Amino acid sequence: MVRVVLADDEAVVRAGVRMILSADPEIEVVAEAADGRELVEAVRAHRPDVALVDIRMPRLDGLAATAELRAVAPATAVLIMTTFSKDSYVSRALADGATGFLLKTGDPREFLLGVRAVAGGGAYLSPSVAARVIRELTGDDLSRTAQARDRVAVLTNREREVLALIGAGLSNAEIARRLHLAEGSVKTYTSMILGRLGVRNRVQAAVVAHDARLVRRE
């Protein structure tokens, strides 16, 4: 069962998202919050697998709450949802530790896909957001590529293989199957990779993987 805390200042939005999530019998909304401060307290109390967080909320907005959650509940994956897709929001959300970004105006199925992906240790970006990020990542910035390759040089061959698959968006279970490893081993490799690269989460590691051109294009 994937346990979710849902945070949005509009009750009607929370009701709608809860209804969407209820379509999957293995997803359970264990608590709701109407602002960022309530969100932090709910996550602290329930320790969910995923926090589904709106950006614009009173008292403490979703971006600030995300940064706080990294400290109080690092095992909880944060999935941002918003009606806005400004670059600054995406960049800050990912920098603050979010591992997914949804647009409320997108396909409702994205909520199910996003929750499942981040709960499984992966990352999720709405297609319109992903397209923008990919355009940035595949730009011809040679200096950024060189810097990223210097960073990944400290990794072992196996760690680089795992990093490349993280960059391709695979979950821990998918990486384990691809490399014929135990899922626990993949988690250990991932922790080592994050530490050696000096990044906070899988999304930031994926950026390094793309910059270093480790991700194979199908």
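Visitor: How many bridges link β4 and strand β5 (residues 100–103)?
Guide: This is a predicted model, where local features need pLDDT of at least 70, side-chain atom pairs count only at pLDDT 80 or more, and totals for chains, interfaces and linings use all residues. Helices (H or I, at least four residues) and strands (E, at least two) are DSSP runs, numbered from the N terminus. Two strands count as a pair if DSSP finds at least two bridges between them. β4 and β5 clear that bar in the parallel sense, and the bridge count is four.

Visitor: Which residue in β5 does Ile 80 stand opposite?
Guide: Residues are numbered from 1 along each chain as its sequence is written, and side-chain values use heavy atoms, with hydrogens and water left out. Look across from Ile 80 into β5 and you land on Phe 101.

Visitor: Why is β4 described as largely enclosed by the rest of the structure?
Guide: Buried here means under 20% relative accessible area, exposed over 50%, and partly exposed in between (1.4 Å probe, protein chains only). Ala 77, Leu 79 and Met 81 point one way from β4, Val 78, Ile 80 and Thr 82 point the other way, and all are buried. β4 is called largely enclosed because its buried residues number six of six.

Visitor: What is the handedness of the crossover from β3 to β4?
Guide: β3 and β4 pair in the parallel sense over five bridges, with Leu 52 partnered by Leu 79 in β4. Between these strands the chain runs through helix α3 (residues 62–72), making a β-α-β crossover. The path from the first strand over the helix to the second is judged with the strands pointing away from the viewer, and clockwise means right-handed. By that rule, this crossover is right-handed.

Visitor: Is Asp 54 buried or exposed?
Guide: Asp 54 lies in strand β3 (residues 50–54). UniProt, in an unreviewed entry, lists it under "modified residue: 4-aspartylphosphate"; positions follow the numbering used here, feature names are shortened, and annotations may be inferred rather than shown by experiment. Its relative accessible area is 4%, so Asp 54 is buried.

Visitor: Which residues does Asp 54 contact, leaving aside neighbours within four places in sequence?
Guide: Contact means heavy atoms within 4.5 Å. Asp 54 then touches Ala 7, Asp 8, Asp 9, Gly 62, Met 81, Thr 82 and Lys 104.

Visitor: What separates the C-alpha atoms of Val 154 and Arg 196?
Guide: Val 154 sits in the loop between α7 (142–152) and α8, and is partly exposed at 48% relative accessibility. Arg 196 is 42 residues apart from Val 154 along the chain, yet their C-alpha separation is 7.2 Å.
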